[in-house]
Structure formats: structure tokens, C-alpha cells
Amino acid sequence: MTRKLGLLSLGLAAALIAGCAAPAAPAAPAAPAAPAEQAPAAPAAPAGVSELTIWWAEWDPANYLQELANDYAKEKGIKVNVVQEPWGTYYNKVTAEWAAKGTGYDMVVGDSQWLGQAATQGHYLDLTDFMKEKGLDKTVTPATLLYYGTYDGKYWAFPTEGDALGWAYRKDLFEDPAEKEAFKAKYGYDLDVPKDLLQLRDIAEFFTRPDKNLYGIAIYTQKDYDAITMGAQNFIFNFGADWKNDKFEVEGVLNTEDAAKSLELYRELYTKFMPPGLSNAFFQEMNDAFISGQAVMITNYFAFFPALVNAQTNPNFYDKVGFFSTPAGPGGAQFASLGGQGISVNAYISPERQQAAKDFIEWFASKPAQEKWAALGGYTCNIEVLNSDTFKKATPYNPAFAETMNFVKDFWNIPEFGDLLVVSQRELSKYIVEGKGTAKEALDNIAREHTEILKKAGYLK
Amino acid sequence: MQLTQARIARPQRRRSLTDVQIQVLFIAPTIILLVLWNIFPLFYSLYLSFTEFSVIKPDVPPAWIGLQNYNKLLNDPRIWQYFALTGRYVVTSVALQAIVGFGLAMFLRERFKGNGLITTLILIPIMMSPVVIGLFWKLIYNPAFGIFNYLIGYSVPNSGPDWLGEASRALWAVIIVDVWMWSPFVMLLCLSGLKAIPDYLYEAAAIDRASPWFQFWRITLPQVAPLLLIAILFRTIEAFKTFDLVMGLTGGGPGDATELIAVHLYRAAFTRFTTGESSALAYIILVIVIAVSNLYVRSLNRIRGE
């Protein structure tokens with residue numbers, strides 16, 4: 001019996017370090033915009049390349065990309081296969097391929113946080129010269145190029161699927177004359193889309209009526225992966241603080257008085273104006289709070305807003321929903337946590353295949369292709385398409401999305417981002433949700449541990 | 001003559017595969033799979049636990065650092081905090097499961113109408129996915145519309161506690177779900193033990209005018225004890241590696257309130273990708289699980305020896 005139990009326990013150990021999944025991210029938008037002109041003729045096909053493979057996560061944008069890529073096959077004769085992998089195992093699949101220096105894919109649409117790891121370890125092809133020569137770097141908004149494509153001053157990906165945190169609100173309540181009057185009487189200014197985070201707080205407070213099961217706001221609190229960090233960093237950035245400065249210094253950059261105020265505000269929103277029971281809330285809980293009529297304003301990634309304007313998924317409020325970008329901080333700083341991905345080329349495939357992959361990216365970056373990309377439902381990062389009236393009028397959330405794409409900002413994207421993320425998730429959850437310690441203590445703890453990690457990794461002495 | 005020889009030769013060819021060889025043929029696939037999927041990873045992870053290695057840095061081979069990973073982990077107060085939390089969770093949860101499970105088994109031992117149906121209904125939780133259970137218990141615990149607060153006396157929405165959002169209650173919330181889910185397992189084993197007790201023991205006790213309490217202590221409990229201990233053993237091992245339920249309910253939060261050691265191990269292995277360090281942590285957990293299991297096995301052997 002003892003021996004059997006020993007074996008059982010040994011098996012358990014193997015299971016303990018076996019794989020577990022990360023959270024998934026679902027459906028995407030349905031943004032239109034008709035192609036204005038014919039896509040440019042694709043360059044001549046490199047010899048011997050008749051098929052290209054793109055890896056992406058399993059969600060609607062990947063289907064849109066496949067549809068778009070079918071046009072490329074018609075024009076160029078090169079078939080492009082978009083291979084989809086569930087979100088939960090996507091990163092593991094890609095890193096396993098990296099570890100094997102595999103050629104299973106020609107291009108991969110990867111998360112912005114992967115850039116540092118992929119670039120420093122040689123998994124992605126350096127696209128700097130290519131993108132500059134072809135002028136692709138000028139076609140997308142600078143912020144998306146910086147965060148979806150750039151690492152250490154070089155380009156490693158072309159911004160493909162833009163995404164960021166935005167806000168949805170109940171237009172019917174905001175436009176109600178009685179509410180407007182009451183709001184002005186209480187706060188001294190007109191009830192409208194908040195211009196800054198302090199107004200956001202006022203509006204959240206105004207609409208919080210627990211006796212009617214109505215609450216002003218719903219914000220990310222989940223600790224599992226990165227949700228609470230993504231939600232809170234909007235406030236940290238917009239109050240003038242940052243995770244680091246150009247020298248990778250954290251102390252005195254992150255743990256400032258202003259940053260502490262931003263976290264105090266975030267906690268106040270959570271404790272006072274948010275529907276109860278959302279202590280571990282991410283995108284699904286945000287949409288649920290809105291659709292159920294509990295929350296007047298919610299934050300979420302733009303990719304999840306289509307469900308709010310859909311009569312089937314949001315039967316009570318689909319025609320009463322408005323959207324706005326993350327408001328600026330009290331000092332005027334305005335940033336929004338970014339999601340989304342860029343497309344990169346596998347460094348381990350043959351030069352011919354690399355050239356074929358670059359040709360595809362060049363075609364994909366063209367305005368007609370980007371227009372069709374947006375029309376299919378992809379979130380384009382193309383400046384001209386984003387600024388076009390067609391795009392802005394296509395859905396209620398597109399104007400806010402187009403605006404947000406100019407000031408997206410990311411968490412760390414160096415190879416050690418996982419280490420850094422665990423610390424911020426823990427400390428932010430501890431202060432904001434658990435209510436343990438002060439905002440300054442939470443920031444001090446993060447700054448101290450981040451500094452240790454950066455020192456160990458050689459970024460700081 | 002030639003035909004006769006051929007007839008004799010055929011069975012000889014068949015016999016060339018001996019019984020032992022046939023056994024080996026049948027067992028080999030299992031052994032090969034076991035070695036590939038269990039034994040090799042087990043020893044390879046043991047090796048990795050003495051190295052500095054990250055699986056996402058394939059160009060950097062594992063660097064031998066001796067006992068540094070173990071030293072670092074064992075001197076990290078946060079790890080001990082997570083172990084203590086896990087210990088509290090395991091002891092409370094398994095104890096409650098044993099009490100509830102045994103109580104249910106005692107109840108279902110009696111023959112009454114609908115006994116089979118009730119037994120089946122009680123067993124439903126163990127057939128469900130922990131992730132699904134986590135998701136719907138999140139709704140049950142919701143202070144605005146969840147039924148849990150209503151059942152314990154908070155009839156007005158939002159007047160009751162936020163079980164998953166308050167650090168002092170979050171661990172209890174997970175324990176309650178674990179007890180709800182796994183008490184039927186304990187019940188099932190105890191029920192089989194109870195049904196195996198021969199009636200003549202109770203008849204003899206009744207003739208001796210033994211009280212029901214005496215019968216319980218002297219007949220029922222000793223007879224069921226081996227199976228109860230096995231149930232407790234399995235549940236202890238399982239509770240030690242509780243992961244999916246916590247991720248579904250609280251994600252380890254708020255703060256560190258439900259950061260059980262398996263959840264922390266997951267973060268080390270698959271968020272931070274510190275493969276060497278997480279292998280060391282897995283081995284520390286393994287040693288503790290084996291030590292606890294041994295205590296149970298000794299108790300079991302003692303009971304059987306009586």
C-alpha cells in the first residue's frame with residue numbers, strides 16, 4: 001500500500017508541474033468600411049513558395065484574416081493558411097515552436113508582450129529595413145507601431161489587430177433631462193462623457209443607487225492573469241506616473257504621490273460605486289454588468305464591445321449604449337492600456353519564405369487591404385482608415401477606438417514581463433480588492449520587487 | 001510423411017512466443033508510455049530543480065546551481081505563508097468532507113423510498129468540471145443576486161457579505177464549494193463500507209443490550225474506518241493540489257487570501273516561467289504530500305492490524 005501510494009504521489013508531482021491554461025479572450029468586432037479601390041498588385045512570388053502559414057489565436061479576427069488572405073491567393077497565387085490555436089494554449093504552442101527553432105509557421109500574430117523575448121532570443125525576423133524601405137512604418141499610428149511592433153528601437157512586427165481599453169456607457173441615462181439637471185445641481189457642470197478621471201468618479205458616484213440595484217461603474221479586478229494591472233495602469237499613466245523611465249528605473253517613477261492618488265481613486269471606484277460581487281472581474285463580468293443593467297459605465301477591451309450593440313446579446317440596452325476613450329488624468333495625461341497584436345516573420349524559415357512573408361505583409365499593409373480588413377471586422381491600425389468617415393460611422397464604438405489608437409500604452413514587454421506582472425497583480429489586488437495597506441505601500445512594494453527583478457536581469461546595476 | 005511434419009511444425013512456430021514474451025508484449029506499451037510520460041518527466045524535473053532554467057529561453061541551457069532553488073524557496077516567507085494557507089485549507093476542507101460525507105452515508109444506509117434517487121442527486125457535484133462549478137458558484141455567492149446569502153438569512157439583496165471579495169471570507173468560500181463538491185466522494189466510500197458490515201454484529205450487540213451509541217463506536221466506526229481513511233487520504237492529496245476551483249472562484253485573490261501553493265506553483269511555472277525554481281517547488285510539495293500520506297498509511301495499517 002505504501003509503495004502504491006509512493007507511486008501515486010510521484011505521479012502527482014509530475015502532474016503538479018504539468019500545463020495549466022491561461023485565460024481565453026473571445027469574440028471580436030464587426031466594423032465595416034467598404035474598400036475604396038482595388039488592392040495593389042502583389043510583388044512577384046519568390047521561387048518555390050506556393051503556400052504560407054500564419055499562426056494566430058482562435059477568435060473572430062483570425063477568421064477575418066483568413067478571408068482577407070483568400071484575396072491574396074487569388075491575386076498572387078500563394079495560398080495563405082491562418083492556423084488558429086485556442087487562447088489558453090496559444091502562447092505555449094508558439095514558445096514550444098521557438099524552443100525547437102521550428103518552421104511550423106511563416107508568420108505569427110503575437111502579443112505585444114512577446115516582442116522582447118522573441119526579439120532578444122532571435123525568433124522574429126528584424127523588419128526594420130523592410131518596413132522603412134516600403135514605408136509601412138508611416139501607415140500606422142505611432143503608438144501602435146511603438147507598442148505592437150517596436151523593441152529596442154527596431155521593428156519586429158507590423159501592427160495588425162489594434163485593441164485597447166475603452167469605455168461603454170448608458171446613453172439613455174446620460175441624456176435623460178432629469179438626470180442632467182440633478183447632476184448639474186450636485187456637481188456644478190453638465191452631465192456628459194467624462195473629460196477626465198475625476199469627472200468619471202463624479203458620474204460613477206452620481207449613478208450609484210444600490211436601492212435600485214444600479215451602480216456607477218465596473219472596472220477590472222481579476223487577479224488571474226493581467227486584468228487588474230491593465231485596468232489600474234490606465235489610472236497610473238493618466239495621473240502622470242509610469243512603470244519605468246528610459247533607464248529602466250522604477251523607484252521614484254512608479255511609486256509617486258500622484259500614482260498613489262490614482263490607485264486610491266481606483267479603489268474608491270471599486271469599493272463605493274461598483275456592483276457587489278465583482279471582486280475577480282474581467283471582460284465577461286464587465287459586459288454582464290452592463291447587459292444586466294447593473295452598471296452605468298464599464299471599461300473593457302474594444303474587442304468585446306460588439307456584444308453590447310447586438311440586440312440578441314444585449315436586448316435591453318443595445319440601442320442605448322455609447323462609447324468613449326479612457327479619460328485623461330487631472331494633469332491632462334491620456335493613455336489607454338493596449339491589447340491587440342502585430343504580425344511577425346519567423347526567423348528560422350528559409351530566405352525565400354521570409355521574402356514571401358514580407359510580400360504578404362506589404363500587401364496586408366496597403367490601404368485597400370486595410371480597408372477591407374476593417375470592413376470584415378478587424379481592428380485596423382492604419383492612420384488613413386482610422387481617420388476616414390466610413391470607418392468612424394461604421395459602428396458606435398469606432399470613433400472612440402480610432403481616437404484611442406493614438407494614445408495606447410503597454411505594460412512591460414521585456415522577456416521578464418511575466419515576473420513583473422505577477423508582482424503587480426498581487427500587490428494591486430491586495431490593496432484595491434483586499435484593502436490591505438495603503439496605495440503608497442502597494443506601489444513601494446511593486447517598485448522594490450520590480451527593481452530587484454530588473455537588477456537580476458541586468459537592466460539595472 | 002511430409003504432411004505430418006508440416007502439421008507438427010506449425011504448432012512449434014506458435015509456441016516460439018513464450019508466455020513471458022506475450023506478457024511482455026502486453027505490458028510493454030504501458031511501460032513505455034509510463035516511462036515517457038511519467039518517469040522521464042519526473043526525473044528530468046528533478047534535475048531541472050537543481051538548475052537555473054526557463055523553458056521560454058531555449059537558447060540558454062539549464063545551468064547547475066545545486067540547492068540554490070531549494071534554499072531560496074525554503075527561505076522565502078511568502079512560500080511559507082502559502083503553505084500555511086494551504087494547510088489550513090486542506091485540514092478544514094477534508095475534515096468537513098469527512099464529517100458531511102460520513103453523515104450522508106449513515107443517512108443513506110437506511111432503506112427508504114427514493115433512496116436511490118437521492119444518492120444519485122448527491123453524487124452529481126463530483127461528476128462536474130471544477131471550472132464550471134467555480135463559475136456558477138461565483139454567481140451563487142454574488143451579493144446582489146446570488147442565492148447563498150439569501151439562504152443564510154440575508155433576504156435583502158446587497159445586504160450580505162461579499163464572500164469572494166473579502167479576504168476573511170474568501171478562503172471559507174472556496175472551502176464550502178470544495179466540501180459541497182467532494183463530500184459525496186467520501187460518502188460513496190463510506191456507504192460501501194457501511195453496507196459491508198454484517199448484520200449479525202448488530203444483532204449480537206442488540207442481544208447484549210448495547211446502546212446505539214455503543215454500537216456506533218464499537219461496530220460501525222471501526223468497520224468503516226479503513227475506507228474512511230482511504231477517502232481522507234485521497235481527498236488530502238487532491239486538496240493539496242487544488243487549482244482549478246480557486247482559479248475559477250477567486251484567481252488566488254483578493255490579494256493573497258486564497259493563493260494556495262498549487263496556484264502559486266502555476267504562476268511560477270506558467271506566468272513567470274521560472275522552470276527550475278518551479279520544479280523545486282513541485283518537489284517540495286511532493287515531499288510534503290508523501291510525508292502526510294505516510295502518516296495516513298501508518299494509521300491505516302494500525303487499524304488493519306487490530
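## Exercises on a predicted model

In this predicted model, the C-alpha centres of domain 1 and domain 2 of chain B are 41 Å apart.

**Exercise 1.** Describe the interface between domain 1 of chain B and domain 2 of chain B: how many residues are in contact, and how much area is buried?

Solution.
- Step 1. Locate the parts: domain 1 of chain B covers 2-48, and domain 2 of chain B covers 71-305.
- Step 2. Count the residues in contact: five belong to domain 1 of chain B and four to domain 2 of chain B.
- Step 3. State the area: about 350 Å² is buried between domain 1 of chain B and domain 2 of chain B, with 63% of it from carbon and sulfur atoms.
- Step 4. Find the main contributors in domain 1 of chain B: B:Ser45, B:Leu46 and B:Leu48 lose the most area to domain 2 of chain B, and together they make up 84% of what that side buries.
- Step 5. Look for salt bridges: the count between domain 1 of chain B and domain 2 of chain B is zero.

**Exercise 2.** Are helix 9 of chain A and helix 11 of chain A roughly parallel or roughly antiparallel to each other?

Solution.
- Step 1. Take the axes: those of helix 9 (residues 197-207) and helix 11 (residues 257-273) of chain A come within 10 Å and cross at roughly 10°.
- Step 2. Apply the cut-off: angles under 35 degrees count as roughly parallel. Helix 9 and helix 11 of chain A are therefore roughly parallel to each other.
- Step 3. List the contact: helix 9 of chain A contributes A:Leu197, A:Leu198, A:Leu200, A:Arg201, A:Ala204 and A:Glu205, while helix 11 of chain A contributes A:Leu265, A:Glu268, A:Leu269 and A:Phe273.
- Step 4. Sort the residues of this contact: seven are nonpolar, none is polar and three are charged.

Conventions:
Residues are numbered from 1 along each chain as its sequence is written. Chains are lettered from A and ligands numbered from 1 in the order in which they are written. This is a predicted model: local features need pLDDT of at least 70, side-chain atom pairs count only at pLDDT 80 or more; totals for chains, interfaces and linings use all residues. Side-chain values use heavy atoms; hydrogens and water are left out. Axes are lines fitted to C-alpha atoms, for helices over the stretch in contact, and angles run from 0 to 180 degrees between N-to-C directions. Helices (H or I, at least four residues) and strands (E, at least two) are DSSP runs, numbered from the N terminus. Angles under 35 degrees count as roughly parallel, over 145 as roughly antiparallel, 65 to 115 as roughly perpendicular and the rest as oblique. Contact means heavy atoms within 4.5 Å. Ala, Val, Leu, Ile, Met, Phe, Trp, Tyr, Cys and Pro count as nonpolar, Asp, Glu, Lys and Arg as charged, and the others, Gly among them, as polar. Domain bounds come from an automatic or database domain assignment. Buried area is the accessible area (1.4 Å probe) that two parts lose on being put together, summed over both. A salt bridge is a side-chain nitrogen of Lys or Arg within 4 Å of a carboxyl oxygen of Asp or Glu.
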